[in-house]
Amino acid sequence: MSEQEKIQQEETQVELETQNEQETLTENAEAQEGDALEEAIARVQELEEQLVESAKKEQDILLRTRAEIDNMRRRAEQDVEKAHKFALEKFSKDLLETIDNLERALSTPANVEDETVKGLVDGVELTLKGLLSTVARFGVEPVGVVGETFNPELHQAISMQPTEGFESNQITVVLQKGYLLNGRVIRPAMVMVAQ
């Protein structure tokens, strides 16, 4: 073997080694690119899951906020409605004393044959009727009638006594009428109840 052949052989061997090294480097680079690609895909999937989770949380917060706003609006409307309905409560309570006084005046025995007394009684009756119709227009209604069944939400029992002609728990005497304002008790009726 000549020297030239040896050199050629060595050159061929070096070329083969260089080629093998390049192939190894390429394979390593491709493997690293594959690993990096897999890592990138996994990271993208993780970020997508976080995005979906975040969107669900935001949707939940949005729904809860809307529900809270609806509840606040409904409560405010109810408060305004109650304020309108029961704004006259204090005024109505004060008028009840006047109604009681007019009823007491009519229940006192009077000499109706005397013309001046008769005119006075008629005037008090008309005044009472006018006052009752006016308060009725604003939602004030009387409670407590003889013979009605006792209701602790509407009536206040002063005493219970056996009474003929009445069933148990029936009102026998109304000492003072009670009144409701739009269905709410502003004064319970003071009554006596059959035992």
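## A salt bridge inside helix α3

D122 and K118 sit in helix α3 (residues 115-137), 4 residues apart, or about one turn of the helix. Helices here are DSSP runs of H or I with at least four residues, strands are runs of E with at least two, and both are numbered from the N terminus. The two side chains form a salt bridge, with the closest N and O atoms 3.8 Å apart. The rule asks for a side-chain nitrogen of Lys or Arg within 4 Å of a carboxyl oxygen of Asp or Glu.

As for exposure, D122 is partly exposed at 33% relative accessibility, and K118 is partly exposed too, at 35%. That label covers what falls between buried (under 20% relative accessible area) and exposed (over 50%), using a 1.4 Å probe and protein chains only.

## What kind of model this is

This is a predicted model, where local features need pLDDT of at least 70 and side-chain atom pairs count only at pLDDT 80 or more, while totals for chains, interfaces and linings use all residues. Residues are numbered from 1 along each chain as its sequence is written, and side-chain values use heavy atoms, leaving out hydrogens and water.

## Other salt bridges

The structure holds 8 salt bridges. One of them joins R43 and E46, with 3.2 Å between the closest N and O atoms. Both residues belong to helix α1 (residues 3-86) and are 3 residues apart, again about one turn of the helix. R43 is partly exposed at 43% relative accessible area, and E46 is partly exposed at 39%.

Then there's E103 with K177, a salt bridge at 3.1 Å, N to O. This pair ties together distant parts of the chain: E103 is in helix α2 (residues 89-107), K177 is in the loop between β3 (171-176) and β4 (178-181), and 74 residues separate them. K177 is partly exposed, at 29% relative accessible area.

## Where domain 1 meets domain 2

The domain assignment, automatic or from a database, splits the chain into domain 1 (1-107), domain 2 (112-138) and domain 3 (140-194). The C-alpha centres of domains 1 and 2 are 74 Å apart. Their contact (heavy atoms within 4.5 Å) takes 8 residues from domain 1 and 9 residues from domain 2.

Together they bury about 730 Å², 95% of it on carbon and sulfur atoms; buried area is the accessible area (1.4 Å probe) that two parts lose on being put together, summed over both. On the domain 1 side, I99, L102 and L106 lose the most area, together 65% of what that side buries. The rule finds 0 salt bridges across this interface.
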